[in-house]
Amino acid sequence: MDHTSYRIRADRLRTLRAKVGLSQTALAAVAGYSSRLIRKAESVGRLSGAAIEDIVQALRERGADVQTGDLLFDELLTCKRFMESFEKHAAAVLHHCAELLADNFTFRSAGNSCHPLFVAETGKEGFQVWLDRFFGLFTRDPGHPLSPRYLVADHGVTARFDEILIRCGQTSPRIWVNFHFEIRGGLIHRLENQYDTQAMIDFLNDDSLKDSATQLRQPFRHIVHESIIRVDQILPVRIDGA
């Protein structure tokens, strides 16, 4: 880790320190820092990444079962972990990062009921419906990493990235996407998905894609068919990406 300041779980640090029988002064000596830094960590709840790793190593040397991530309580890190899983696991992302989502997690998708990717459901179930639709219609260009850019605000992080999608052998232009995360207590409570819905409509309405849609594998055929019909119905209406 670097020298970026991270929010940590101060209560967890106090508990671990006491469990291995170290005072603040003793932990500081083992980790190579001043006792003032440990007092600050347990009150203010922020440390540099390098200091966190050193303290974790000191606790482990005294028998604590602890990893660096156990002390981190950082909105940006939570968002980064989710995005890494989303890029790697695609439609199966929820199976690999369930611990990052609050029990009352809610999801909101862009567009309206006319858009083929819109889902009215909220919660984890609704998000899974959206994932299944998205990755049932498209695959990602394997040569284009998402490389999200992050904007951090109080209790929230926005991940901005571009998708290049493949469908029926055709490749889309870059489509901008914003994932807005509401994070409280280190968990994602809300995810709002915004993207260039007009660019998606244009890509779905490419005549060459319609002609070849019937070549898709059978499990996805009904999804593509429904999507094309619904897109044709809303062609006269422009749907803004915001």
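Helices here are DSSP runs of at least four residues (H or I), numbered from the N terminus. The legends below all show one predicted model.

**View 1. R39 sits in helix α3, residues 35–43.** With 42% relative accessibility, R39 goes down as partly exposed, since that label covers values between 20% and 50%. Look for T25 in this close-up too: T25 and R39 are 14 residues apart along the chain, and their C-alpha atoms are 8.8 Å apart in space.

**View 2. Helix α6 runs over residues 75–89.** How far apart should the ends of its 15 residues be, at 1.5 Å a residue? The expected span is 21 Å, and the end C-alpha atoms are indeed 21 Å apart, so the two agree. E75, T78, C79, F82, M83, S85 and F86 are the buried residues of α6. Viewed down the helix axis, these buried residues fall within an arc of 160°, so they line one face of α6. E84 and K88, on the other side of α6, are exposed. Just past the end of the helix comes A90, with a positive phi of about 55°.

**View 3. R140 is placed over the ring of F86.** This is a charge sitting over an aromatic face, with R140 at 4.5 Å from the ring centre. F86 is one of the buried residues of α6, and F86 turns up again in the lining of the largest cavity.

**View 4. F127 and W130 make a stacked aromatic pair.** The model has 16 aromatic pairs in total. In the F127–W130 pair, the rings are 6.4 Å centre to centre, with 20° between the planes. Both residues belong to helix α8 (residues 123–137), where being three residues apart puts about one helical turn between them. Are these two buried or exposed? F127 has 0% relative accessibility and so counts as buried, and W130, at 3%, is buried as well.

**View 5. F138 and F203 form a stacked pair.** Their ring centres are 5.9 Å apart and the planes meet at 20°, which is why the pair is called stacked. F138 comes from the loop between α8 and β4 (139–140), while F203 comes from helix α9 (residues 197–204), so the pair ties together parts that are 65 residues apart in sequence. Both rings belong to buried residues.

**View 6. The largest pocket has a volume of about 310 Å³.** Its lining is made by 14 residues, and G69, L72, T78, R81 and G186 are the ones nearest its centre. Which helix gives the most to this lining? That is α6, with three residues. Both α5 (68–71) and α6 supply at least two residues each. T78, named above among the residues nearest the pocket centre, is also one of the buried residues of α6.

**View 7. The largest cavity has a volume of about 60 Å³.** Searching the whole structure turns up one cavity of 30 Å³ or more. Its walls come from F86, W130, F134, F161, E163, V177, F179, N193, Y195 and M200. Among the elements involved, α8, β6 (156–163), β9 (175–184) and β10 (187–195) each supply at least two lining residues. Two faces from earlier views reappear here: F86, the residue under R140, and W130, the stacking partner of F127, both line this cavity.

Definitions and conventions:
Residues numbered from 1 in each chain as written. Predicted model: local features only at pLDDT ≥ 70, side-chain atom pairs only at ≥ 80, totals over all residues. Heavy atoms only, no water. Expected span 1.5 Å × (residues − 1). Buried < 20%, exposed > 50% of the residue type's maximum accessible area, 1.4 Å probe, protein only. Arc of directions from axis to C-beta. Phe/Tyr/Trp six-rings, centres within 6.5 Å; stacked < 30°, edge-to-face > 60°. Lys NZ or Arg CZ within 6 Å of the ring centre and 35° of its normal. 1 Å grid on protein atoms, 1.4 Å probe; cavity = no way out; pocket = protein on both sides within 12 Å on 5 of 7 lines; lining within 4 Å. Points joined across faces, edges and corners; volume = space filled by probe spheres on them.
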